[in-house]
Amino acid sequence: MTTQELQITGMSCAACAAAVERSLRQVPGVKTCWVNLATDRARIDYDDRRTDLPSLQRAVMAAGYGAIPLDDTLSLDRKSTRLNSSHLVISYAVFCLKKK
């Protein structure tokens, strides 16, 4: 049994979350699935001998939404934080130069 968490993109209502959950539950090997609209996340317990991550992602896409493995999302968040920090440093430097 394997557990996978996905960041779901494009959901805007409870019906969206229900559609994603319904689509994931139809994948052979999926034992349990929960989709949380508030956090835009899905947690799936599945038999890795019967299905895999790309199959789960295809099921979400078939329902009309995006699915990013949570590990990839964390890495994107870190990159975004680094870029924001760099922006802050550059903005401060420009501010100091204009002040003189």
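A residue counts as buried when its relative accessible area is under 20%, as exposed when that area is over 50%, and as partly exposed in between. With these terms in hand, the reader can approach the structure, which is a predicted model.

A convenient starting point is helix 1, which spans residues 14–25. At 1.5 Å a residue, its twelve residues should span 16 Å, and the end C-alpha atoms are indeed 16 Å apart, in agreement with that expectation. The buried residues of helix 1 are Cys 16, Ala 17, Ala 19, Val 20, Ser 23 and Leu 24. Seen down the helix axis, these buried residues fall within an arc of 160°, so they line one face of helix 1. They pack against strand 1, strand 2, strand 3 and helix 2. The face turned away from the buried side carries the exposed residues Ala 14 and Ala 15.

The interior comes next. The largest nonpolar core has 20 residues, and those with the most contacts inside it are Ile 8, Met 11, Val 20, Leu 24, Ile 44, Val 60 and Tyr 65. Two or more residues of this core are given by each of strand 1 (2–9), helix 1, strand 2, strand 3 (41–46) and helix 2 (53–62). Helix 1 supplies the largest share, five residues. Val 60 illustrates how these parts meet: leaving aside neighbours within four places in sequence, Val 60 is in contact with Leu 6, Ile 8, Val 20, Ser 23, Leu 24, Tyr 65, Gly 66 and Ala 67.

Charged residues offer a second view of the structure. Side chains of opposite charge can pair when their charged atoms come close. A search of the whole structure finds three salt bridges. In one of them, Glu 5 pairs with Arg 43, the closest N and O atoms being 3.4 Å apart. Glu 5 lies in strand 1 and Arg 43 in strand 3, so this pair ties together parts that are 38 residues apart in sequence. Glu 5 is partly exposed because its relative accessible area is 28%, and Arg 43 is likewise partly exposed, at 37%.

Another salt bridge joins Arg 25 to Glu 21, with the closest N and O atoms 2.9 Å apart. These two residues are four places apart in helix 1 and are therefore separated by about one helical turn. An α-helix has 3.6 residues a turn, so residues three or four places apart point the same way. Arg 25 counts as partly exposed at 42% relative accessibility, and Glu 21 counts as partly exposed at 22%.

A further salt bridge links Asp 47 and Arg 49, whose closest N and O atoms are 3.2 Å apart. Here Asp 47 counts as buried, at 10% relative accessibility, whereas Arg 49 is exposed, with a relative accessible area of 74%.

Finally, the loops deserve attention. Pro 28 is placed in the loop between helix 1 and strand 2 (30–36), while Thr 51 is found in the loop between strand 3 and helix 2. Not counting residues up to four places away in sequence, Pro 28 touches Arg 50 and Thr 51. On the same basis, Thr 51 touches Val 27, Pro 28, Gly 29 and Tyr 46. Thr 51 counts as buried because its relative accessibility is 8%. Pro 28 can also be compared with Ser 55: the two are 27 residues apart in sequence and 9.4 Å apart in space, C-alpha to C-alpha.

Key: Residues are numbered from 1 along each chain as its sequence is written. This is a predicted model: local features need pLDDT of at least 70, side-chain atom pairs count only at pLDDT 80 or more; totals for chains, interfaces and linings use all residues. Side-chain values use heavy atoms; hydrogens and water are left out. Contact means heavy atoms within 4.5 Å. A nonpolar core is a set of buried Ala, Val, Leu, Ile, Met, Phe, Trp, Tyr and Cys residues joined through side-chain atoms within 4.5 Å. Buried means under 20% relative accessible area, exposed over 50%, partly exposed in between (1.4 Å probe, protein chains only). A salt bridge is a side-chain nitrogen of Lys or Arg within 4 Å of a carboxyl oxygen of Asp or Glu. The expected span of a helix is 1.5 Å times one less than its number of residues. The arc is that of the directions from the helix axis to the C-beta atoms.
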